[in-house]
2 protein chains.
Amino acid sequence: MSRKAKNILFIMFDQLRYDYLGCAGHPTLETPHLDALAAKGVRFSHCYVQSPICGASRMSFYTGRYVHSHGAAWNNFPLKVGEVTLGDHLRARGMDSWLIGKTHMSVDHEGMDRLGISRDGIIGARVAECGFDVFLRDDGLWGEGPKGFYDKKRSPYNEYLKGQGYEAENPWQHNANAGVDEDGNVASGWFMRHADKAANICEEDSETPWLTSQAMEFIKTQDAKGAGPWMCHLSYIKPHWPYIVPAPYHDMYGANQVLPVVRSEAELQDTHPVYEQFMQNEIGQTFSKPGVREKVIPAYMGLIKQADDQMGRLFQWLEETGHINDTMIVVTSDHGDYLGDHWLGEKDLFHDPSVRVPLIVYDPSEQAEATRGTVCDALVESIDLAATFVDLAGGDVPDHVLEGRSLLPYLYGQTPDKWREFAVSEYDYSATPEAAALDLDPKKARLFMLANKDWKFVFADGGFRPLLFDLKNDPDELNDLGADPDYAEIVGMFMDRLSEWARRPSQRTTVSSEYLEGKRTGSSSSVGIFIGVYDERELPPEVVEKTITYK
Amino acid sequence: MSRKAKNILFIMFDQLRYDYLGCAGHPTLETPHLDALAAKGVRFSHCYVQSPICGASRMSFYTGRYVHSHGAAWNNFPLKVGEVTLGDHLRARGMDSWLIGKTHMSVDHEGMDRLGISRDGIIGARVAECGFDVFLRDDGLWGEGPKGFYDKKRSPYNEYLKGQGYEAENPWQHNANAGVDEDGNVASGWFMRHADKAANICEEDSETPWLTSQAMEFIKTQDAKGAGPWMCHLSYIKPHWPYIVPAPYHDMYGANQVLPVVRSEAELQDTHPVYEQFMQNEIGQTFSKPGVREKVIPAYMGLIKQADDQMGRLFQWLEETGHINDTMIVVTSDHGDYLGDHWLGEKDLFHDPSVRVPLIVYDPSEQAEATRGTVCDALVESIDLAATFVDLAGGDVPDHVLEGRSLLPYLYGQTPDKWREFAVSEYDYSATPEAAALDLDPKKARLFMLANKDWKFVFADGGFRPLLFDLKNDPDELNDLGADPDYAEIVGMFMDRLSEWARRPSQRTTVSSEYLEGKRTGSSSSVGIFIGVYDERELPPEVVEKTITYK
């Protein structure tokens, strides 16, 4: 059977750290199925997300553009109408673009109304779904409080569970993400003391297996229709919190498999004011308490182990159906999880546990034979995937719209011309309590990271000093050199790079570089526009023929 | 009769220098009607356009956003669909937005097709006209060459002329913008040696009187319908080249009324490479030849004199109809004209003759009494007009979309809080022969100006040194200090400001500052999202009620 990437299975986990895979060197967590995929493909060891938060990061994945370019800079900031999506690019090249799972996309209703785009038509439906055709949309956060649900949409997953006989009003909340305490009460996974309980659900009904089944269902449907080529975004909510997992994964790992925490007392001295605010938030404080990591991380590892098992199930099925030979498989995450490292929880800032993500790309094509099982340490940004997929679908990558670069050359064993010299990530915390505590103008509560293999530089707008880490000598990023005058030159170099990056013509999206170069002949005289010509007799008669008439 | 600004007459001339008005100090050019408007309103002496070229500058006027934000960075780069226009803002506040004349706007057809926006509907028609309802669109450049017309649309002005009995195939070209030589041949105004001839047209049929009549017709139509309030953009092509004007204006000024050229031999030494390229283009070369300014500038002055007379006619009519009491009148231009100063012609760069424009704002309202006849020297940008109009139309100015500031406080004699400290202008020359000569990447052929009253700084991307002028000691901008190490600190300060400006969250247009500040309470627990909570017993029971159930 010939092997060629025709379809793309673009798998995203949520909040999966770059280093929580066996193939990435985790010493106690086993992920044999993802490791096997890495052994058949290329693992990119230095992949950075464009923002260490779901919504902003994902909008970059789905537009192939920096957060500063698309503007949907935090969770639930609507993606402005007019932004060109991966789906737009792929469909223009004959490839469908499907969604199964989470996008965290908010609709720019005001923009759609302004432009009269109906949500009922196919165009409007895609605009409202970030360019995807929806096989299934479920963002996986069905929390409900006194002011109602966080997510106002319907949950296909809750509907599934109810169909399976789960009787809770919100089985996502009360079964999939909760255990049962000694008295038979719901012990919600939202509260970290319950992380070691088994979720009160059959394992095969939990979120990750359910979504995996949906993916197989999708592919069967496409096959039955003879449809394709397709790009399918299979987007899991896990191992994102609530940190709780069904049996047998809930006690597969214990405290002695938890990695030592990466933090230092020095980080608590003269801490950068923005960093300090995030340390002081509830999750930073909670993760810094004795015993919390040991309680929570085994659940996080269990969720990953379950995910790996589901990958095994899916990859086996792709083997059986032959799709392993015609489908590019990509596995990544939208950001990581501090898990107590650096006195922090969640993500938001730019230490490696937060901003770096796993990236494995398997390409069945013959051209990719030479690179199978290799690790590529180029500085990769998550926006490179959109460019890669467009490249695979065919035709030039429109670099006046897409800001990433295709990874296909790396897969094919080639060295791309002038690769980027640093990766950029951004964090807009203007809508957070941390910004309130710092009394920041919403236009100034923003962080910009620039990193290469030697340095990680973080510029904090609003009048703060920068942060700087010497990655060669301090790979754990424990010693912030941002205030050290000995490093002023490095800081200055990064400030220049940041300025250059910020100036890029990211909105000049209606004209291509080819168009611009083609216009440089200054040929306006051919359409009768003469600028600075003193005497028509200097010009060939045919050029002025329409302009002058002679008696 | 009560006096209050209800409507807005937003008058734009094309290529009108800031200093070519009597009220701005021109010693030989008389503009009594515009001077009279200035005497009733406020003249802003330091108004900068966002780009010294028609298309980019106008897209900033019409969106209220920097060129770096809207991306339509040069003539005929389509304005990307999704950009919110002045018309959108005003209509949302109950004010109509009408066009009479020129916009130089190119349609993003690809974007409209992608979003399924029909050009036949009212929404699509407005999207295709930069947010305006069109009373009349005529961009005023009907040149024709061997490859056809520069502008593919129909010309209402040519239709008018044909209706008046002009028999040429293209009377714009052969009558309005051409004289007749001694042999009776068409002596085209495109060629500067003919600038002293009278255009072969009745003065009242020439472009400026014709468009002025259209404006009166428009207002009559609105009055007859009882329509309004309205903002009407009355947008003239003149005094833009071709430099030729009908009698009696063609010989109203002579060589002895032409201002001395502002240039120096020093400018030809160690010239900045980008500046040097523009000096070497045909119009720079032509204007630098002896006698050319003396031939051309009297025609340019005649065009302005004619414009002023038409303003007199229009203002008189507004008096007679009473509209002078209910209409804000704004007069400005899209950029200036070097006219040989600094060895340059046209515009494109950032010396005052190019980047500064006249701005007179007359507001009939009572609140504006105290400022009548005053000159305001605040640093004003052309994007301030959109904010001003939105402010006048009512409601808050949405500062997450509009990047300018309302000028109403200045009109009302107030001092706005924290006014800008420098004005920004940009020039994208990526599609020009100058970029080709410098062999520049299209993403790097870009200039950024930052100016205040003391300094003008121009950053030239692509590896060039900056330009710097000491405006206090060198108001004519003849001595470029950009390479002088004594000014490294000033250069560094402006580089920091440029970086800060470039980082601004210009695309975060779907969430307001008020929204962001309102989210800072971190109230996700109210919708059942708990981040970092270890023990639910720490929380009030009503907050966790939906999350936990007890047996």
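**Notebook: chains A and B, contacts and salt bridges**

I started at B:D428, whose side chain makes a polar contact with the side chain of B:S430 at 2.5 Å. The model is a predicted one, and I read every distance below with that in mind.

*Entry on B:D428.* I placed B:D428 in strand 18 of chain B, residues 423-428. Is this residue buried or exposed? B:D428 has a relative accessible area of 5%, so I logged it as buried. Its side chain also makes a polar contact across to chain A, with the side chain of A:R508 at 2.7 Å. I then listed the contacts of B:D428, leaving out neighbours within four places in sequence: A:R508 on chain A, and B:A73, B:W74, B:F77, B:A445 and B:R446 on chain B.

*Entry on A:T432.* I turned next to A:T432, in the loop between strand 18 and helix 16 (433-437) of chain A. A:T432 has 3% relative accessibility and counts as buried. I found its side chain 2.7 Å from the backbone oxygen of A:Y429. Setting aside residues up to four places away in sequence, A:T432 touches A:W74 and A:Y427, and from the other chain B:R520.

*Entry on the interface.* How many residues of chain A are in contact with chain B? I noted 114, in contact with 114 residues of chain B. The two chains bury about 9600 Å² between them, and 58% of that is on carbon and sulfur atoms. I looked up which residues supply the most: A:R503, A:R520 and A:Y534 give 9% of the area that chain A buries against chain B, more than any other three residues.

For polar terms between chain A and chain B I wrote down 14 salt bridges and 56 residue pairs in polar contact, both residues at pLDDT 80 or more. Helix 17 of chain A (residues 488-503) gives the largest share of the side of chain A that touches chain B, six residues. I recorded the make-up of that side of chain A as 46 nonpolar, 33 polar and 35 charged residues. One salt bridge I checked by name runs from B:E500 to A:K444, with the closest N and O atoms 2.9 Å apart.

*Entry on salt bridges.* Over all chains I have 79 salt bridges. Side chains of opposite charge can pair when their charged atoms come close. I went through three pairs in chain A.

The pair A:K238 and A:E207 has its closest N and O atoms 4.0 Å apart. A:K238 lies in the loop between strand 11 (230-235) and strand 12 (245-246), and A:E207 lies in helix 9 (residues 207-225), so the pair ties together parts of chain A that are 31 residues apart in sequence. I have A:K238 as buried at 3% relative accessible area, and A:E207 as buried at 8%.

The pair A:E421 and A:R497 has its closest N and O atoms 2.9 Å apart. What does this pair tie together? A:E421 sits in the loop between helix 15 (408-411) and strand 18 (423-428) and A:R497 in helix 17 of chain A, so parts 76 residues apart in sequence are tied together. I logged A:E421 as exposed, with a relative accessible area of 53%, and A:R497 as partly exposed at 24%.

The pair A:D480 and A:R465 also gave me 2.9 Å between the closest N and O atoms. A:D480 is in the loop between strand 21 (467-470) and helix 17 of chain A, and A:R465 is in the loop between strand 20 (455-460) and strand 21, 15 residues apart. A:D480 is partly exposed at 23% relative accessibility; A:R465 is partly exposed at 24%.

In chain B I noted a network of salt bridges that links B:E129, B:R137, B:D139, B:D151 and B:K153.

*Entry on helix 7 and domains.* In helix 7 of chain A (residues 156-163) I marked A:P156, A:Y157, A:N158 and A:L161 as buried. Among the elements that cover these residues are strand 5 (133-137), helix 8 (171-176) and helix 9 of chain A. Just after helix 7, A:G165 takes a positive phi of about 100°.

Last, I took the domain assignment of chain A, which gives domain 1 as 7-424 and domain 2 as 519-548. I have their C-alpha centres 58 Å apart.

Key: Residues numbered from 1 in each chain as written. Chains lettered and ligands numbered in written order. Predicted model: local features only at pLDDT ≥ 70, side-chain atom pairs only at ≥ 80, totals over all residues. Heavy atoms only, no water. Domains from an automatic or database assignment. Contact = heavy atoms within 4.5 Å. Buried area = accessible area lost by both parts, 1.4 Å probe. Salt bridge = Lys/Arg side-chain N within 4 Å of Asp/Glu carboxyl O. Polar contact = N/O pair within 3.5 Å; in protein donor to acceptor, adjacent residues only side chain to side chain. Helix = DSSP H or I, 4+ residues; strand = E, 2+ residues; numbered from the N terminus. Nonpolar A, V, L, I, M, F, W, Y, C, P; charged D, E, K, R; others polar. Buried < 20%, exposed > 50% of the residue type's maximum accessible area, 1.4 Å probe, protein only.
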